[in-house]
Amino acid sequence: MFLALKPRRWAARLLAYPTRAFSASNNFYASSVAAAETVGAETGLYGFDVLKTPKGFRRFVDEAIRKSGELVTYVSQLPPSVEIIRAMDEISDTVCSVIDSAELCRNTHPDREYVEEANKASMRINEYLHFLNTNGSLYTAIVKAESQGVLHTEEAQRAAHALRVDFENGGINLSHDKLQRVNQLNVEIARLGNKFNENIMFDPGFVDIFPASCIPKNMQYHFDAIYRPMSTASNEISKVGDTRREKGYKIPTDSSTLSSILKWVSDAEVRKQAYIKGNSTPRANLIVLDKLIGARHELAQIMGCKSYAEFAIRPNMAASPDVAMSFLLNLSKSVRYKADEELNIIREFKRQYLNQRGADLEPWDETYFTGMIKSSAYGLESSVLSSYFSLSGCLEGLKVLVQALFGATFYQVPMAPGESWHPDVVKLSLHHPQEGDLGFLYLDLYSRKGKYPGCAHFAVRGGRQASETEYQLPIVALVCNFAGSPVSSTSRLNHFDVETLFHEFGHALHSLLSRTDYQHFSGTRVVLDIAEIPSNLFEYYAWDYRVLKTFARHETTGDAIPEKLVKAMNDSRKRFSATELQRQIFYSLIDLKLFGAQNNDSMDTVSMVADLKRQHTSWNHVEGTHWHTRFSHLINYGAGYYSYLYARCFAATIWWNICHEDPLSPDTGTALREKFLKHGGAKDPVNLLKDFIGDGILSCNGVVLALEAALTNLIQQVGKEKVKNYWTFLTRIACVAPIMPFLRSSPALLFILDWFC
């Protein structure tokens, strides 16, 4: 019944080495934190009175179980009616408030006691969740309500159907022994997922770098200094008594720090050491992943599926792993030629730069040399770009965006004592002048030890119609890991950080603006194919000059970002776009293959990932590395990471058909909110997209077939001509006006065209 209600973290698109600004801080955010004085009576975390202490999580679970038990008894006595759906959604809301709060707490709270209690609460409530999923009286009630024609709204009918399917996916119709095993496996899967993410967080890996001069001076203050007996070749020494020692740095190889090392450190040996360590940590996750694969596969087989991928994907629009795999393989084929070209460009640049004709290209060279090529070609210095993107300015940009599109405004609201989990956190209300408060958003934007290492959107409470006159407002948290702190100086973001912020903000808006009768469908509680559309769509806003000029201002002069600079940014973005798309395909294939059909032998995940890299990327695999052990999306998505690219097809179509002409107009905002965002998961996803865009939006399943169809159309329109490869075709097709209507109705084509051109 409640399997679909587990909280979901929607992370930004995963680049191999997203760069992080290493400078300064943020006056706006500092003043916001200073102004966020707590008011009123003491409460607990996120406004829950029960969470005033770490052990409050125990009572939180107890109360949720007690209340749910009363509702179970109530439902079992009801005649078939819509009240059954409402009461079951209240059970879901009660359980999810614990699950969501525990998820946010264990990923962000600096107090280890809170984290440990949240972990225990998560496991306990998940065990209870499986009890609910196998409750026969609830299942009987929902079957009767669905079958006897007493549900008169589309959302109530969809809720009944979804709940019944969740029961059946939970094993309600299985024999007692099989059902017991399913419950055991679900608990084990949750435990392994928690362990996988904990290992990533607490075992980032470290490399010792000597001498200190290998690390750029503007980065050194982030790292702990270390010393060793001085090498006779070193010019950097430190006297401690009579002992001369050489200074170096201990560098963590978490994803964020590693990305900066690979982008900014000129010493190839340092990049190599960091790359190998960062892509071989945490090693403990190899065993965790093996167990997770086995548990998920056994679960799927008990449920009558060939693989976990089949079990996980069948509720989605793609419907089967074969469709998802075909999508990815066709995409891989279409991009390979261009990706190989790009690799050759990078190799040749390295050889010229080093004046070594025989120099080969290594994986730890990619980010460093592509950055140099882009900087040389487009004159884009990171310090120049970041000077336009203060964190305070970017937050103001999000406010401008919401005001322009939806007529709503973000206001900072004070928190009650005990509500916040860290002094850096601020709370905003999204307020509409006619509708009042629409929801609440916590911002936790700065990096700190022990915090979830990426950027993500967390639900705290879903929206729902609590009564005829009261709507339960959604509460969400936007968690990032930007460098700096609100109490130092101004935090500046590089543009990848800006794009990430907009991506996660798209998820937050989906949650804040949805208006569903049931929290079962609130915001991002949708099928994976739909969930990533708003986040991908709002990435476009981070690249559009008409949007950027409203908030991106120079830190010294106050001048708006020049249009010429934004054009250069966009041109630079496309420079190695095939390589980036190839990487996303590779990540998606890892996820799909790991949880796909299994043979009798245990899977060697290291070898499998190495083979996929050789087959579907243009880059070498480094023996001994196993990057996938820090790929947390394997936990959150589980055979669903393909949906990022799948959703990107739909987002491209929405952008070019709805938003591009005037991205900040109220008409654009009305279309986005009324036809898409407000529905959450309450509408059938196929009908949702058809009503929003039209029938053509659902044609993204065979990219190569779509390309071939477009090629035939092109020949009919402009005559035959030789087309060497898909890339040549796409660059030509971009300016062929007669077939633009076809392009606008083909998500696959628009996606690739937009990514490259």
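# Group meeting talk: rings, buried helices and a few odd backbones

Okay, let's start with the rings: a search of the whole structure turns up 32 aromatic pairs. One of them is F327 with Y646, an edge-to-face pair with 5.1 Å centre to centre and 80° between the planes. That pair links distant parts of the chain, since F327 sits in helix α13 (residues 321-354) and Y646 in helix α25 (residues 642-659), 319 residues apart. Both F327 and Y646 are buried. Then there's Y368 with F369, also edge-to-face, at 5.1 Å between centres and 80° between planes. Y368 and F369 are both buried too.

Before I go on, a reminder that what you're looking at is a predicted model.

Staying with aromatics, have a look at the cluster. Which residues do the ring pairs link there? They are F586, Y587, W627, F631, Y637, Y641 and Y644.

We also have charges sitting over rings. R271 lies over the face of Y368, 4.4 Å from the ring centre. So Y368 turns up twice: as the ring under R271, and as the edge-to-face partner of F369. The other one I'd show you is K263, over the face of W264 at 5.1 Å from the ring centre.

Right, zooming out for a moment. The protein has 31 helices and 12 strands. Of its 757 residues, 60% are buried. The accessible surface is about 29,300 Å², and 50% of that belongs to carbon and sulfur atoms. On contacts: take those between residues at least 6 apart in sequence, and 76% of them join residues at least 24 apart.

One example of residues separated in sequence is G193 and L292, which are 99 residues apart along the chain but 7.6 Å apart in space, C-alpha to C-alpha. G193 is in helix α7 (residues 176-202). Its relative accessible area is 3%, so G193 counts as buried.

Now, two helices to click on. Why do I call α19, residues 533-541, largely enclosed by the rest of the structure? Because 9 of its 9 residues are buried. And that list isn't just greasy side chains on paper: alongside I533, P534, L537 and F538, the buried residues in α19 include S535, N536, E539, Y540 and Y541.

Compare that with helix α9, residues 255-264, which is mostly covered, with 7 of its 10 residues buried. Those buried residues in α9 are S256, T257, L258, S259, S260, I261 and L262.

Next, helix α3, residues 82-108, where you'll find N107. Is N107 buried or exposed? It's buried, because its relative accessible area is 2%. As for what the N107 side chain is doing in there, it reaches the backbone oxygen of E103 at 2.8 Å.

Cysteines, briefly. C96 is buried at 3% relative accessible area, and C105 is buried at 0%. How many disulfides does the count come to? The count is 0 disulfides.

Last section: backbone oddities. There's a cis peptide bond between F210 and P211, with omega about -10°. P211 is in the loop between β2 (206-209) and α8 (217-220). A further cis peptide bond runs from T281 to P282, with omega near -5°. P282 is also in a loop, the one between α10 (268-278) and α11 (285-302).

And then positive phi values at non-glycine positions. A319 has phi near 75°, and it's not a glycine. You'll find A319 in the loop between α12 (308-313) and α13, and α13 is the helix that carries F327 from the pair I opened with. A319 counts as partly exposed because its relative accessibility is 39%.

A639 is the other alanine to look at, with a positive phi of about 70°. This one is in the loop between α24 (633-636) and α25, and α25 is where Y646 sits. Where A319 is partly exposed, A639 is buried, because its relative accessibility is 0%.

So, if you open the model afterwards, I'd begin with F327 and Y646, the pair joining α13 and α25, then look at the loops leading up to those helices, with A319 between α12 and α13 and A639 between α24 and α25. That's what I had, happy to go back to any of it.

Key: Residues are numbered from 1 along each chain as its sequence is written. Side-chain values use heavy atoms; hydrogens and water are left out. Helices (H or I, at least four residues) and strands (E, at least two) are DSSP runs, numbered from the N terminus. Buried means under 20% relative accessible area, exposed over 50%, partly exposed in between (1.4 Å probe, protein chains only). A polar contact is a pair of N or O atoms within 3.5 Å; within protein, one must be able to donate a hydrogen and the other to accept it, and residues adjacent in sequence count only if both atoms are side-chain atoms. A disulfide is a pair of cysteine sulfur atoms within 2.5 Å. Rings of Phe, Tyr and Trp (its six-membered ring) pair if their centres lie within 6.5 Å; planes under 30 degrees apart count as stacked, over 60 as edge-to-face and the rest as tilted. A charge sits over a ring if NZ of Lys or CZ of Arg is within 6 Å of the ring centre and within 35 degrees of the ring normal. Contact means heavy atoms within 4.5 Å. Accessible areas come from the Shrake-Rupley method with a 1.4 Å probe; for residues, only the protein chains shown count as cover.
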